[in-house]
Amino acid sequence: MVRVEDITESIHSYNPDANIDIVWKAYVYSAKVHRGQVRLSGEPYLSHPLEVAHILTKLKMDAVSVAAGVLHDTIEDTISTPEEIKENFGEEVFSLVDGITKISKIEFASSEEQQAENYRKMILAMSKDIRVLLIKLSDRLHNMRTLEYMSRDKQEKVSRETLDIYAPLANRLGIGWMKLELEDSAFKYLHPDEYKEIMDNVAARYEEREKFIKEIADIVNRELEKAGVKAKIMGRPKHYYSIYNKMMDQNITFDQVYDLFGLRIITDTVKDCYSTLGIIHSVWKPIPGKIKDYIAMPKANMYQSLHTTVIVPSGQRVEFQIRTEEMHRIAEDGIAAHWRYKEAGKKEEKAVKIDERFAWLRHLLEWQQEMKDPKEFLDAMKIDLFPDEVYVFTPKGKVLSFPKGATPIDFAYYIHTSVGDRCVGAKVNGRIVPLKHQLNNGDIIEILTSPAHKPSRDWLKIVKTSRARAKIRNWIKIEDKERSVALGREITEKEIQKYHLEPAGILKPEAVSAAAKSAGFSTEENLFAAIGFGKYHVHQLITKLIPAEKIEERKRREESRFRRIVSRITKKPDESKIKIKGVEDVLTRFAKCCNPVPGDKIVGFISVGRGVTIHTLDCPNITELKYDKERRINVEWDLKEKTLHKVKITIHTVDKQGILADISSSIASCGVNISQANIETTEDKEAFLDFSIEITDLDQLQNVINSIKQLKGVLKVERVKEYKKQKKAAVT
């Protein structure tokens, strides 16, 4: 069993000035509260926290972290209370022990790949101090080393968790040796037969491999000496789990795994790394596609190295990893390498640049190479690893991921649409909360429902997930349809009354059903909804329901009135055209669907009771009315009198500071007023700006558009014509 003296000596080896009193104090306290407890191996329970603490010293952790490692099971497995730990060891130690306790309570309900990733992210998100995660990894590593004393079911469960959750976390932090040991240990219990077969095969070839590696290393040494490159060469054994994965992925046998042989070359400088790569390629032929430059492009976990695989004369494949001493230290210990005590005498400070893809660690890496106390680095380790995501539990222990700011409504709609629609409240960690409550990492969510409850439009303002938003909008759409059905029926009934007929006598079910089918609607409800929405004109239905003679009778009554309007218009000077301004007794209005402005090519459309409606010549509402061509009339602009016309423009820009002010100034410089503005931004740092402006003619509009286009950051400017929104209203 590891002694506390071994732990304190190890701390002093990398940090001579460390205050180890807190470690001794933690040891005494842990020994007292764990007294009488025994592990399945028969050893005193105290052996486990001491082993965990010893692993932490291998990571060169500070004394506070090591003390927390000694105490990590006290709250969960003894009569100790959180208050006692805080009172005896201070807030910092308590925070670490409490964090480990919370993670230990997580039940891993699924080994599905996506669930495993969510568990990993939850643990990271809960470990706002990275030291919590490192202590937990050390705890799991020692448990794997003593897993043989557990039942077969427990061995498999713990090994699956280790392979799915903890080994990837060790890899994410760049702690290579821990990741490999966790994987091989888990592999041993999950696939014992395959593990033994691979272990026996590797052992049988040990002497052959060692001899072969020595021969290759001698050749490389000679070539490097000739080139004046200093380097250390060592064999790199292939780990059992990686061999197994290769066999499974490629469906091959052990004898077909060709790259069992590997060497690692440690050089002094980056330049020497590339020189070594060139020397190796000059001796043996490299395999295309097997050359990886992780120095120029580091992995997300800070790993840097040059990889190449070559074929030697015997036909064997040999893999080389080439790196500097610093790169090797990071490859082995990952983030832990950054708080190692550096030898005395070095005064130079140097910042380490980490690949931007590893964003959640970049704030940690503002460190100094020379530290007498790792606490300098660890003080900066209070972080939020996943600021845009939260991970919560269902009552059955399943982990779900949501955007930051998500509410119980988002959770309810994730479970099921009916749960979301009937959601009246929620319990978070057993406590009732309002529906606008924002979820936090580790929350356990329970939804309260009522069969009579319906979604609210206001929910759209607080939900964060697209699923919840879509479901709420779908419900609103259904509600709108019901209102449109009622409106469509009302419009139809009023139109029938204009023919001096009773709606009840005309709207007989069989007649309406036949009319609906002939118009392409599956039900009467869909027909009336289309009329209510304005997608199907009531006149089209009337022609199918009312006798032709009744329609002709009404047409004759209105025809004389229509002719009087046409006659009054067409007898004006210049018979082929009219002026919008200056034509007596003619009511004119501009169509909202196309919103014509002076300079647009236009056409008039005579509407009974409304006079002449002015459309642009290319408006679909005019070109599609083939059956009403006699109502069209030529018109032209009266440009003598300047009047203001509202026009909408949309602007697509880069989202940058000051862009709105620049655009507003540009519009104002053209003598144009802005009556309305709307701005939307996207996650891609782009913006869409909609303006309603008042212009006198098309030339002024074009000046505004050209002026805006000159601004830096503007991607596109165009006039908006919303034909579809006013289609039916525009032509009646």
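Reader: Where does Asn15 lie?

Author: This is a predicted model. In it, Asn15 sits in the loop that links helix H1 (4-14) and helix H2 (21-33).

Reader: Is Asn15 buried or exposed?

Author: Asn15 is buried, because its relative accessible area is 3%, and buried means under 20%.

Reader: How far apart are Asn15 and Asp62 in sequence and in space?

Author: Along the sequence, 47 residues separate Asn15 and Asp62. In space, C-alpha to C-alpha, Asn15 and Asp62 are 8.3 Å apart.

Reader: How do I describe two packed helices?

Author: Give the angle between their axes and the distance between the axes. Take H1 and H3 here. Their axes are 9 Å apart, and the angle is about 10 degrees. H1 is therefore roughly parallel to H3, since angles under 35 degrees count as roughly parallel.

Reader: Which residues make the contact between H1 and H3?

Author: H1 brings Asp6, Ile7, Ser10, Ile11 and Tyr14. H3 brings Leu50, Ala53, His54 and Thr57.

Reader: At what angle do the axes of H3 and H4 cross?

Author: They cross at roughly 155 degrees and come within 7 Å. H3 is therefore roughly antiparallel to H4, because the cut-off for that word is over 145. The crossing of H3 past H4 is right-handed.

Reader: Which residues of H3 and H4 meet?

Author: On the H3 side they are Pro49, Val52, Ala53, Leu56 and Thr57. On the H4 side they are Ser65, Val66, Gly69 and Val70.

Reader: What sign does phi have in most residues other than glycine?

Author: Negative, for most of them. Now look at two cases here. Lys60 has a positive phi, near 60 degrees, and is not a glycine. Lys60 belongs to the loop between helix H3 (47-58) and helix H4 (63-71).

Reader: What is phi in Asn595, and where does Asn595 lie?

Author: Phi of Asn595 is positive too, at about 50 degrees, and this residue is not a glycine. Asn595 is found in the loop between strand E12 (588-590) and strand E13 (602-607). Asn595 counts as partly exposed because its relative accessible area is 28%.

Reader: How many disulfides does a search of the whole structure find?

Author: Zero. Take Cys594, which is in no disulfide. The nearest cysteine sulfur belongs to Cys619, 3.9 Å away. Cys594 is buried, at 1% relative accessible area.

Reader: Why is the sulfur of Cys619 not bonded to that of Cys593?

Author: Because the two sulfurs are 3.6 Å apart, too far for a bond. A disulfide needs them within 2.5 Å. Cys593 holds the cysteine sulfur closest to that of Cys619. Cys619 is buried, with 0% relative accessibility.

Reader: Now the sheets. What is the strand order in the open sheet of three strands?

Author: The order is E10-E9-E11, with antiparallel pairing. Strand E10 (431-433) and strand E11 (445-449) are the edges. Each has a single partner strand, so one side of each has no neighbour in the sheet. On average, neighbouring strands of this sheet are turned by 35 degrees against each other, direction ignored.

Reader: How many bridges join strand E9 to E11?

Author: Five bridges join strand E9 (residues 423-428) to E11, and the two run antiparallel. For one pair, look at Gly425: its bridge partner in E11 is Leu448.

Reader: Which strands does helix H18 touch?

Author: Helix H18 (residues 408-415) packs on this sheet and touches E9, E10 and E11. The direction of H18 makes about 80 degrees with that of E11.

Reader: What is the order in the open sheet of four strands?

Author: E17-E18-E16-E19, and the pairing is antiparallel. At the edges are strand E17 (673-681) and strand E19 (714-720), each pairing on one side only. From one strand to the next, the twist averages 20 degrees.

Reader: How many bridges join E17 to strand E18?

Author: Eight, with E17 and E18 (residues 686-695) running antiparallel. Among the facing residues, Thr681 is opposite Ala687 in E18.

Reader: Which helices pack on this sheet?

Author: Helix H27 (residues 659-669) packs on it, touching strand E16 (645-654), E17, E18 and E19. The direction of H27 makes about 20 degrees with that of E18. Helix H28 (residues 698-709) packs on the sheet as well, touching E16, E18 and E19. The direction of H28 makes about 165 degrees with that of E19.

Methods:
Residues numbered from 1 in each chain as written. Predicted model: local features only at pLDDT ≥ 70, side-chain atom pairs only at ≥ 80, totals over all residues. Heavy atoms only, no water. Pairing = 2+ DSSP bridges. Axes fitted to C-alpha atoms, helices over the stretch in contact; angles between N-to-C directions. Contact = heavy atoms within 4.5 Å. Buried < 20%, exposed > 50% of the residue type's maximum accessible area, 1.4 Å probe, protein only. Parallel < 35°, antiparallel > 145°, perpendicular 65-115°, else oblique. Left-handed = near helix turned anticlockwise from the far one by under 90°.
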